[in-house]
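Grab a pencil and work through these exercises one at a time. Each has a task, then a solution in steps.

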There are 2 protein chains.
Amino acid sequence: PQLSLSVRDSYGSKFTPLVVVELASDTKEEAIAWLLDRIRDKQQNGGAELLVEQLSPGVVASEKENPNMFLVGASWQRLLSGAEDVGLFKEFSDGSMRGFTCATKNSFKDFKGEGDDFLSMAECQYIIKHELDTLRAKDETHVPGYTHAKLYPGKSIVRRLQSKGILVQIFPLHEKEELKRLSFSWYKKIKLSLQPLDDIRHYYGEGLALYFGFLEYFTFALVPMALIGVPYYLFDWEDYDKYVVFAAFNLVWCTVILEVWKRNSASLAYGWGTLSRKKAFEEPRPGFHGVLGFNPVTGREEPLYPNAKRQLRIYLVSLPFVLLCLYLSLYVMMIYFQMEGWALSIHDENPTFWTDILLFIPSIIYAVVIEVMNLIYRYAAEFLTEWENHRLESSYQNHLVLKVLVFNFVNCFASLFYIAFVMQDMMLLRQSLATLLITSQILNQFMEAFLPYWLQRRRNKKMIRRVQKRKLLEDKELPLANQVRLEADMSTYLGTFDDYLELFLLFGYVSLFSCVYPLAAVLVVLNNITEVYSDAFKMCRVFKRPFSDPASNIGVWQLALEAMSVIAIVTNCALIGMSPQAKAYFPESDTQLILWIAAVEHGLLALKFILTFLIPDVPKHIQIKLSRLEFESLEALKKKAEVLQCICNFMVSNIAVTFHYAVS
Amino acid sequence: PQLSLSVRDSYGSKFTPLVVVELASDTKEEAIAWLLDRIRDKQQNGGAELLVEQLSPGVVASEKENPNMFLVGASWQRLLSGAEDVGLFKEFSDGSMRGFTCATKNSFKDFKGEGDDFLSMAECQYIIKHELDTLRAKDETHVPGYTHAKLYPGKSIVRRLQSKGILVQIFPLHEKEELKRLSFSWYKKIKLSLQPLDDIRHYYGEGLALYFGFLEYFTFALVPMALIGVPYYLFDWEDYDKYVVFAAFNLVWCTVILEVWKRNSASLAYGWGTLSRKKAFEEPRPGFHGVLGFNPVTGREEPLYPNAKRQLRIYLVSLPFVLLCLYLSLYVMMIYFQMEGWALSIHDENPTFWTDILLFIPSIIYAVVIEVMNLIYRYAAEFLTEWENHRLESSYQNHLVLKVLVFNFVNCFASLFYIAFVMQDMMLLRQSLATLLITSQILNQFMEAFLPYWLQRRRNKKMIRRVQKRKLLEDKELPLANQVRLEADMSTYLGTFDDYLELFLLFGYVSLFSCVYPLAAVLVVLNNITEVYSDAFKMCRVFKRPFSDPASNIGVWQLALEAMSVIAIVTNCALIGMSPQAKAYFPESDTQLILWIAAVEHGLLALKFILTFLIPDVPKHIQIKLSRLEFESLEALKKKAEVLQCICNFMVSNIAVTFHYAVS
């Protein structure tokens, strides 16, 4: 990437700043000197061999400004060898995706000259983050100047500094030009077109690009449903019992789209080179703490936390807490139904225009309360999962996702299930569904994008006003130092968790109950379109640039959506069973009807599992490419062994010759 | 292994014969000479570098005797390097299981001296089979003397010879002494004890040992059920409606035992070194044929068969055929019910002792017919799957297993389901289940072990009589040549397929309906005990020794059993719902009862899936061992890279020195 900005490091060599490391403003000098030295040190000596320079004070140096901000970059050679370390896959000259190695660099498609344009900036930043993360303690016993910040040989220094609060944050820098170009092709253009997924991936990495890819896919998948829904809504509005066809369509739809997505996502991930990339050895989380012991895997001394203790915390504290929250959520639901009844009784007593509106009030209040409860619970779940003290980030994420999913599912859908199957009031179900959907959408868009943007804008304006007050700048272009400080102040994007959670709930609304309220699909399509714009906007303008995440699929969310689609099959079968048409087939006996519905439902579930099993997750042509690569690497390994043999033979004879010369 | 027998190859060196290769008796001389040459040729020249010698004519050389039988063996060095090729895992000095390499051979636990006692004979035979299978054509276009037997560069010669009928069979030799010892500790001892699984694995390999391990595990798992079943049977014989408790127990049981088995099997496989062993690159099946084309994976020219054509054969021929067979099976079932009704009407007219017996006759006939139909269908399925022309053995096996499982399931269980849920006649269900179970057991044991043994015995006796007639031998010990010919005449063990199928059906009888007939578990336990003995007997006495199969689990059968356990949950819930006790809870409404049962069933199914998901398939302590190995190999890789760097540096300096000498 061509960057207009560059700085000189202390040895005078110019480098492009890629990543910013911010230390606490009161960090001791000796600790800073030691850290910079370790980052700059040669790899042979256990350093990271990166370039690092302190950020010069801003144009408006106030006393609040943190002086301990450092710009990190690297030479192109270092970045290329780092790309090999992290196992980056790039396009090979034959069009396949292969793991990059410095030895074969010239056979890669876009490798030209020195290779200074070969890696995207996001990749460079990912490499630097990886190199910083794997900068390991040698024989130091603690961080200089901080006797309580103990270090263990072979453990990550950066993680330790983070958990001790010495390191405040690490974040990658935005590229102004690139970002402007991306935002134009993404959300600023007038013409409706597909998202520039490859550009998004280029700038933000695979994890985020997969999220936007899924969002787009999900929207397109909803279109047929929306198209069926509109005439339904227009012509059969009051005829709730015509929903059997729609429910049957729903059944098929929710199974098929998930299977097709799996294959799509594999295609995307193959094209981006993450499909066959290996997971790196996971470092412990920064927040993990424990008592010193021997790691059973590595045999090294490091903090350990007994699994039994963690299990106790999970089953004796977290589980009861979650159950309590679920109870609370159901209790609130009951209050909602009481309010609903109360509003209805007022309306029945004396129906006016105002009581008509009053009928919607309880649903709206309930929808807001649901959102607030979700938000509060989210923080509680994070706190609890943090307290469970998981060693690895993946295990932490799994426990957090499980907690949040269960609660959100119950919180959002319990009232709908209650209305549908206990009260059997399809009219109320439709009204409740519509209110929930619309209210939560409005709230979400507001909370997610516009509120943070507004806060950010205020902060920016203050900064710019301050700069202008000093009359140092005529144009609006800020110098590097101020730019960096501005970005450091931006909110941090916390990952795709909340965005996927929202999609998960929308998928639930559509797949579970859209047969009762066919307009749901239309609403979700509209929401998704605005979601694309607001999400794109928040990524480009509101948040710090996130580090790219080499994801090969949407991970645990695929599983969550599959689970939802199973529930959807059961729900839709039950809704069909409750329809007057189904009842008309078995006029004399409910039992017969239920048995039939149960039989059909079991058949459908079985069919779903068989389909999931039969449809390959990776499309055939990509499978062939993958096995070709595997075959070639096997062949290469054989050849390598032969070459090594040759070298050895040559060496032995060479030594013999040397001896011969030496002796004779 | 110390073998009393050995032969000398044409160069006069003595070797232990391990494997027998039998060519057709009319094979042309030039083809034989070429094949032997390729087998004996050095590995550098693309040969297998094995020792091979023609078997001398038997003591009683008759004209029927095939002269083209060859004994194959190898030097210990060759076997050790072959062990590295096949990726054999052996116990390391630190107790962990590691992939054997010649470079680290001295660090393995049982490696002493030259290593001539390191590999078991089964391992040696497996290695030789692998080396023969991977003996590849070079630039020959066809087998010498057979212009129609085309060869393609890089393709297996042996597979080609097999598919052209030139190579009749390859089989490993028994070890008389070892076998005698094994059979004593296995089935000839009086005292009841566990099977010598490690010895079985030592002699027959992991695949067969896992089968016997599962058989033993399954038997033990049935014991609690049998213990509950006996008092049930003794005291509540006529009280069919007491089966709710039993059905509930069944529900839990069939889920738990499969989960526990997965962990057991992982422990066994880890101890045997097959858990983390990689699957070898699969060669095409011997029977596979196609039109010459370019393999999309390897890019080499070889016979290909279009997938679309195979799919057509599967969906247009195999599938309709299977459906037809299923229809036929149901038709036969209906005939059985008519016979049943006829027998009952005769009994009701004039009940005597003979009509009492007559009542059982239809069930017995039906059981025999079921077995016969299973057998015929088995052959048809094999023929069809062969005709589908699958390229890989694994794909062939999957299609065969699927076909056979579906038919066997319907054929065996359809009548029981019909009686239970359509006729709702628990009395008849019990009688039918008992008859089916007992009859099929008796038939199976007879067909599997005693019939082949009896045929084998007759053949052996003839042979010995002929030998004795010539008065060449006083004692009964046969010389090598006769021994080999005797073994070549033995039946071939066709793999564990039929044995697992039988266990699958037994598992079905117990898990589906044992609540109606609690004695089923007892019968199955008894059957399993005799099964161990008869299977052990047939392996040791009736069949040729099979090649060992480095399996790490019971493969597709685990899946089949899981599917059966899901069906068992549904069935048991339905049986509970039909019980008078359950009906007593909801005296006024069947609908309520059914809804409750359905809800409970869905909850149980969900629980089962969550449990399957939560319980790790590999026990914790083995996971730790595996990740330690992975960690160590990563570390070793790093060190290796450093060492290579050193060597290169050294070489460069060395060359410089040489040049220095040469120039000066």
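**Exercise 1. Find out how N389(A) sits: buried or exposed, and with which contacts?**

Step 1: look up the accessibility. N389(A) counts as buried because its relative accessibility is 1%; buried means under 20% relative accessible area, exposed over 50%, and partly exposed in between (1.4 Å probe, protein chains only).

Step 2: place N389(A) in the chain. The residue lies in the loop between helix 11 (361–387) and helix 12 (393–423) of chain A. Helices here are DSSP runs of H or I with at least four residues, strands are runs of E with at least two, and both are numbered from the N terminus.

Step 3: list the contacts, meaning heavy atoms within 4.5 Å. Leaving out residues up to four places away in sequence, N389(A) touches G287(A), F288(A), H289(A), Y305(A), R310(A) and R313(A).

A word on ground rules: this is a predicted model, where local features need pLDDT of at least 70 and side-chain atom pairs count only at pLDDT 80 or more, while totals for chains, interfaces and linings use all residues. Residues are numbered from 1 along each chain as its sequence is written, chains are lettered from A and ligands numbered from 1 in the order in which they are written, and side-chain values use heavy atoms, with hydrogens and water left out.

**Exercise 2. Work out the strand order of the open sheet of 4 strands in chain A, and which strands stand at the edges.**

Step 1: read the order. It is 4-5-3-10 in chain A, with antiparallel pairing; two strands pair if DSSP finds at least two bridges between them.

Step 2: go to the edges. Strand 4 (51–54) and strand 10 (167–172) of chain A each have a single partner strand, so one side of each has no neighbour in the sheet. From one strand to the next, the twist averages 20 degrees.

Step 3: zoom in on one pair. Strand 3 (residues 19–23) and strand 5 (residues 69–73) of chain A are joined by 4 bridges in the antiparallel sense, and V19(A) stands opposite V72(A) in strand 5 of chain A. As a reminder, strands of a sheet pair through backbone hydrogen bonds, either parallel or antiparallel.

Step 4: add the helices. Helix 1 (residues 29–40) of chain A lies across strands 3, 4 and 5 of chain A, at about 150 degrees to strand 4 of chain A. Helix 3 (residues 121–133) of chain A lies across strands 3, 5 and 10 of chain A, at about 40 degrees to strand 3 of chain A. For these angles, axes are lines fitted to C-alpha atoms, for helices over the stretch in contact, and angles run from 0 to 180 degrees between N-to-C directions.

**Exercise 3. Say which residues of helix 2 of chain A are buried.**

Step 1: pick them out. In helix 2 (residues 76–86) of chain A they are R78(A), L79(A), L80(A), G82(A), A83(A) and V86(A).

Step 2: ask what lies over them. The cover includes helix 3 of chain A.

Step 3: check the end. G87(A), just after helix 2 of chain A, takes a positive phi of about 75 degrees.

**Exercise 4. Find the phi of E49(A), then the phi of E49(B).**

Step 1: start in chain A. E49(A) has a positive phi of about 55 degrees although it is not a glycine. Most residues other than glycine have a negative phi.

Step 2: locate E49(A). The residue is in the loop between helix 1 and strand 4 of chain A, and is partly exposed, with a relative accessible area of 27%.

Step 3: turn to chain B. The phi of E49(B) is positive too, near 55 degrees, and E49(B) is in the loop between helix 1 and strand 4 of chain B. At 28% relative accessibility, E49(B) counts as partly exposed.

**Exercise 5. Describe how helix 5 of chain B meets helix 16 of chain B.**

Step 1: compare the axes. Those of helix 5 (residues 176–188) and helix 16 (residues 519–542) of chain B come within 10 Å and cross at roughly 170 degrees. That makes the two helices roughly antiparallel, the label for angles over 145 degrees (under 35 is roughly parallel, 65 to 115 roughly perpendicular, and the rest oblique).

Step 2: name some contacts. Among the helix 5 residues of chain B are L179(B) and W186(B), and among those of helix 16 of chain B are Y533(B) and F537(B).
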